[in-house]
Amino acid sequence: MRPSIEVADIFRAAGPDYRATHEGHLSLVQLKVMSAVERCRTAALGGHVEACEDCGHWRIAYNSCRNRHCPKCQGAAARAWLAKREADLLPVGYFHVVFTLPAEVAGIAFHNKALIYDLLFKAASETMLTIAADPKHLSARIGITAVLHTWGSAMSHHPHVHMILSVGGISLAGTRWISSRPAFLLPVRVLGKLFRRLFLTRLIALHDAGRLVFFGSILHLADRRTFMRHLSPVRKKRWVVYVKPPFAGPEAVLAYLSRYTHRVVISNSRLIGFDETSVTFRYKDYRRDGSDRQQVMTLMTDEFIRRFLLHVLPKGFHRIRHYGLLAGASSKASLDRARALLSVAPEPEDNAPEVSDTRPPCPCCGGHMIIIENFARWQQPRAPPHCAAPTRETAP
């Protein structure tokens, strides 16, 4: 069922004024995201007419924008991604670990998204791989899938990386599978200290190389001495690495990933109200417990759009990454070795052709829908199609 309010409705109504007011202050990527969301599944992108083979019911389907920031386009993308990653899951437990940047660093990340988000990935993954390989801890190579989220529930800027990693890994010699204790992966305090050291060392190196930029209220951080003073309390505070209880198994991991990998800053289902001046939506206040955690917030429309655009990623930036046993071209060989050590049958080769037909069934009879007409951008069907049941021979 289509939500009564969508982000696209807000952008269509308030987007033109917002662009005019903030002309020269929006990046090309942000402008493209706004345009994509506004046009998604409208005549602006063209579409086709579908008809049921059995009862002849027909419907018009407009094309999707497929932008990764669009709330309406992530369901299909998530399903396709999960289908490809399902074969990578091993029959072991999995942990969920979260690495979060402190507020003092998040402000710097806002003006240096590509550099700082990439550094967040690298520092977090190196932390996990280093501690896991340490003979004092696990002494093994583990597999990691990492997903970047840049928002809190209230759409504020809150960069953090979610990691899903196996309970155990292949020994450094490659001769056996080493399992960690079911309720404990690696020492959280040790992870936090190493993550802090790796991140701050490389952040300072970026500053020394002149690769960071500073604007507005943090312009003074361009001076190195001021920058170091700004980081001084951050270097002393504890960086918390959050480790959730392990998943029950691969199926639970897939259910989790389906919710997290392609999530955007706010889903249409969280929107409650929209008028000429404000937007009301649901959010979670994690400082509260129980039923009090669910809260309602109202923002001025301009502020809502501003917060949405805060989380537009730089062009070409990969927000889902794989490390250790799952990294790059060696992942298949690593997973095959892991299955052999776990005495699990190798993953069968899937030679079946990919199914590209993902159209929903007929709402009247559940029959198969086929395309009977295509139409280009900014066009509509030439005429309402007839209701006689089409056949495969007559469909284009």
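**Exercise 1. A threonine in a helix**

Which backbone oxygen lies 2.7 Å from a polar atom of the side chain of Thr 127? Work through the surroundings of Thr 127 in this predicted model.

*Solution.* Begin with the secondary structure: Thr 127 belongs to helix α5. Next, check its accessibility. Buried residues have under 20% relative accessible area, and Thr 127, at 0%, therefore counts as buried. Now look for a polar partner for the side chain: the backbone oxygen of Ala 123 lies 2.7 Å from one of its polar atoms. Finally, list the contacts, setting aside residues up to four places away in sequence: Thr 127 touches Phe 99, Leu 191, Leu 194, Phe 195 and Leu 198.

**Exercise 2. The largest nonpolar core**

Find which members of the largest nonpolar core touch the most other members, and say which element gives the largest share of this core.

*Solution.* The core holds 51 residues, and those touching the most other members are Met 128, Met 163, Phe 199, Leu 203 and Phe 227. Then trace where the core comes from: at least two residues each are supplied by the strands β3 (94-100), β5 (143-151) and β6 (157-166), and by the helices α4 (103-111), α5 (113-133), α6 (188-208) and α7 (224-236). The largest share, 10 residues, comes from α5. Apart from this core lies another one, of 33 residues, including Val 7, Leu 45, Phe 304 and Ile 305. As background, nonpolar side chains tend to be buried together in soluble globular proteins.

To see one member up close, take Met 163. Leaving out residues up to four places away in sequence, Met 163 touches Phe 95, His 96, Val 97, Phe 99, Ala 124, Ser 125, Met 128, Ile 144, Thr 145 and Ala 146.

**Exercise 3. Checking a helix**

Test whether the span of α2 agrees with what its number of residues predicts, then find what covers its buried residues.

*Solution.* Helix α2 has 12 residues, 28-39, so at 1.5 Å a residue it should span 16 Å. Its end C-alpha atoms are 17 Å apart, which agrees. Now turn to burial: Gln 30, Val 33, Met 34, Ala 36, Val 37 and Glu 38 are buried. Their cover includes α1 (7-21) and α9 (301-310). After the helix comes Arg 41, with a positive phi near 55°.

**Exercise 4. A sheet and its helices**

Work out which strands stand at the edges of the sheet β10-β11-β12, and which helices lie across it.

*Solution.* The sheet is open, with 3 strands paired antiparallel in the order β10-β11-β12. Since β10 (271-274) and β12 (294-300) each have a single partner strand, they stand at the edges, and one side of each is left without a neighbour in the sheet. On average, neighbouring strands are turned by 20° against each other, direction ignored. For the pairing of β11 (278-284) with β12, count 7 bridges; one of the bridge partners in β12 is Thr 298, which pairs with Thr 280. Last come the helices. α1 lies across β10 and β11, at about 20° to β10, while α9 lies across β10, β11 and β12, at about 110° to β12.

**Exercise 5. A cysteine in a loop**

Decide whether Cys 365 is buried, partly exposed or exposed, and find its contacts.

*Solution.* Locate Cys 365 in the loop between α10 (331-341) and β14 (369-375). Its relative accessible area is 42%, so Cys 365 is partly exposed. Leaving aside neighbours within four places in sequence, Cys 365 is in contact with Cys 52, Asp 54 and Cys 55. To finish, compare chain and space: Cys 365 and His 57 are 308 residues apart along the chain, yet their C-alpha atoms are separated by 8.8 Å.

Notes:
Residues numbered from 1 in each chain as written. Predicted model: local features only at pLDDT ≥ 70, side-chain atom pairs only at ≥ 80, totals over all residues. Heavy atoms only, no water. Helix = DSSP H or I, 4+ residues; strand = E, 2+ residues; numbered from the N terminus. Buried < 20%, exposed > 50% of the residue type's maximum accessible area, 1.4 Å probe, protein only. Contact = heavy atoms within 4.5 Å. Core = buried A, V, L, I, M, F, W, Y, C linked by side-chain atoms within 4.5 Å. Expected span 1.5 Å × (residues − 1). Pairing = 2+ DSSP bridges. Axes fitted to C-alpha atoms, helices over the stretch in contact; angles between N-to-C directions. Polar contact = N/O pair within 3.5 Å; in protein donor to acceptor, adjacent residues only side chain to side chain.
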